[in-house]
Amino acid sequence: MSKYRILSLDGGGSWSLIQVKCLRQLFRDTFNNDDPTGHEVLGYFDLVAANSGGSLVAAAMAENYRLSQIEQIFHSEEIRRSIFSRLTIWERSLLNTLSRLVNIGPKYATVRKLAALEKILPRMSGIKLHELPDHIDAGNPTHFLLVAYDYYRNRAELFRSDQSSRALSSVIERRVFAGNPAVSAIDELTILQAVHASSTAPVNFFNMPAEFKIRGMDRHFWDGAITGNNNPVLIAITEAWANGHNAGDIQILSIGSGGTLFPAIEDYAYRYNFLQAQKKDPGLINDIKKMATSIVNDPPDFATFVAYTMLYPDLPVRSENFIRLNPQLRPRLVPVNGIPVWDLPQGLNADEFKILKSLDFDAVKPKEINLIEKFCEQWLTGNVPNQAIRNDFTLERVLGHNSYRQGMEDFKSWNLVLA
């Protein structure tokens, strides 16, 4: 049976620039194609699963921008500020104004993000979810699976282009009950609307959920990270299994948007205090801040490990068919006079490490984007480590790939050709 290939893209806001640069480098190294079009990339995959910033990258590829053009979307300060458009004093409630004094509460206008996305993705504004594969000019039909959170139903909402998927509720209903086939109401949304729903982060970011009328009813959506699927690889595997693809048929390229990892033990000294995990006492303010950002922290690590275990339960088996590429900001153990000490990763100085450690996904300043880009480049050249699927207590890889290059070599082994 032919391989079923999945491209999974994490959420990450401005940090999703890393995904574009990774794909561009991967296609340069694998196919000697320095600047493929989005359709050229998509044509190698059967399914693209994405959340938030990753959904924007996926839709921009569906728009058929070249990867260099998608990079420019992230490089443009004007575009970044149009997506992360600050609330005016007139748009803030009294509660919002007071909460911002302790750095809690929304900062950006949801409606202006939608307007910005309409300018970035003009073709995707008029294409319904189920119509998308017909608009991707590639040898292989590519389906999309985007994730969001349904505000009122308090459930994950999956936006599918494949309306015959056996994981779709209406298809399950048709198979269980005899009668006329149900039609998914979500099918009425456009790709752009699905991207907007998937990328509207709550609490400390946007001031209201993404809102659309579906069959005359108002529906509201927050970022899919709330569902625990900031890394959507688990729902991608579920989709593949539901449609008859077994573990041996599945090949996964999962690309993150940067992450952090700090030692959980205190056995070694630190060259700098900021290389340790930040400790804050529990309390209302700190708890709200932590919960507002936790949705994008551990889920990528957890999802990758669970997904890998689902496919290869005979751990610690290594498979070249599961590739996780994601730069990880973490200290490294180096010997100092024969004694291990936690130190900076190669390629980053102390100031850069501190800034990256605290830099959220709504980065808009040019110096912040430049630093994210440097972080990515240091990863691509092997100085910054790759996120492992499992680490040991010294943060070294036990399972997964040590570096971008190791992952790239396994990707090459797939011997990809367009259908």
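**A walk from a charged patch to a buried helix**

Lys-365 counts as partly exposed, because its relative accessibility is 41% and the partly exposed class runs from 20% to 50%. This is a predicted model. Lys-365 sits in a loop. Helix α14 (350-358) lies on one side of that loop and helix α15 (366-380) on the other. Lys-365 also belongs to a positive surface patch. Its partners there are Arg-86, Arg-92 and Lys-367.

Next comes a sheet. Strands of a sheet pair through backbone hydrogen bonds, and the pairing may be parallel or antiparallel. Here the sheet is open and has 3 strands, in the order β9-β13-β12. The pairing is mixed. Strands β9 (269-270) and β12 (332-336) stand at the edges. Each has a single partner strand, so one side of each is left without a neighbour in the sheet.

Look now at β12 and β13. Strand β13 covers residues 339-343. It pairs with β12 in the antiparallel sense, over 5 bridges. One residue pair shows this contact: Val-334 has Val-341, in β13, as its bridge partner.

The last stop is helix α11, residues 233-242. Is this helix largely enclosed or left open by the rest of the structure? It is largely enclosed, because 7 of its 10 residues are buried. Val-233, Leu-234, Ile-235, Ala-236 and Ile-237 are among the buried residues. Glu-239 and Ala-240 are buried too. Just after α11 comes Gly-244, with a positive phi of about 90°.

Definitions and conventions. Residues are numbered from 1 along each chain as its sequence is written. This is a predicted model: local features need pLDDT of at least 70, side-chain atom pairs count only at pLDDT 80 or more; totals for chains, interfaces and linings use all residues. Side-chain values use heavy atoms; hydrogens and water are left out. Patches are made of residues with over 30% relative accessible area and no salt bridge: like charges are joined within 9 Å, nonpolar side chains (Val, Leu, Ile, Met, Phe, Trp, Tyr) within 5 Å. Accessible areas come from the Shrake-Rupley method with a 1.4 Å probe; for residues, only the protein chains shown count as cover. A salt bridge is a side-chain nitrogen of Lys or Arg within 4 Å of a carboxyl oxygen of Asp or Glu. Lys and Arg count as positive and Asp and Glu as negative; His and the chain ends are not counted. The place of a charge is taken as NZ of Lys, CZ of Arg, CG of Asp or CD of Glu. Helices (H or I, at least four residues) and strands (E, at least two) are DSSP runs, numbered from the N terminus. Buried means under 20% relative accessible area, exposed over 50%, partly exposed in between (1.4 Å probe, protein chains only). Two strands pair if DSSP finds at least two bridges between them.
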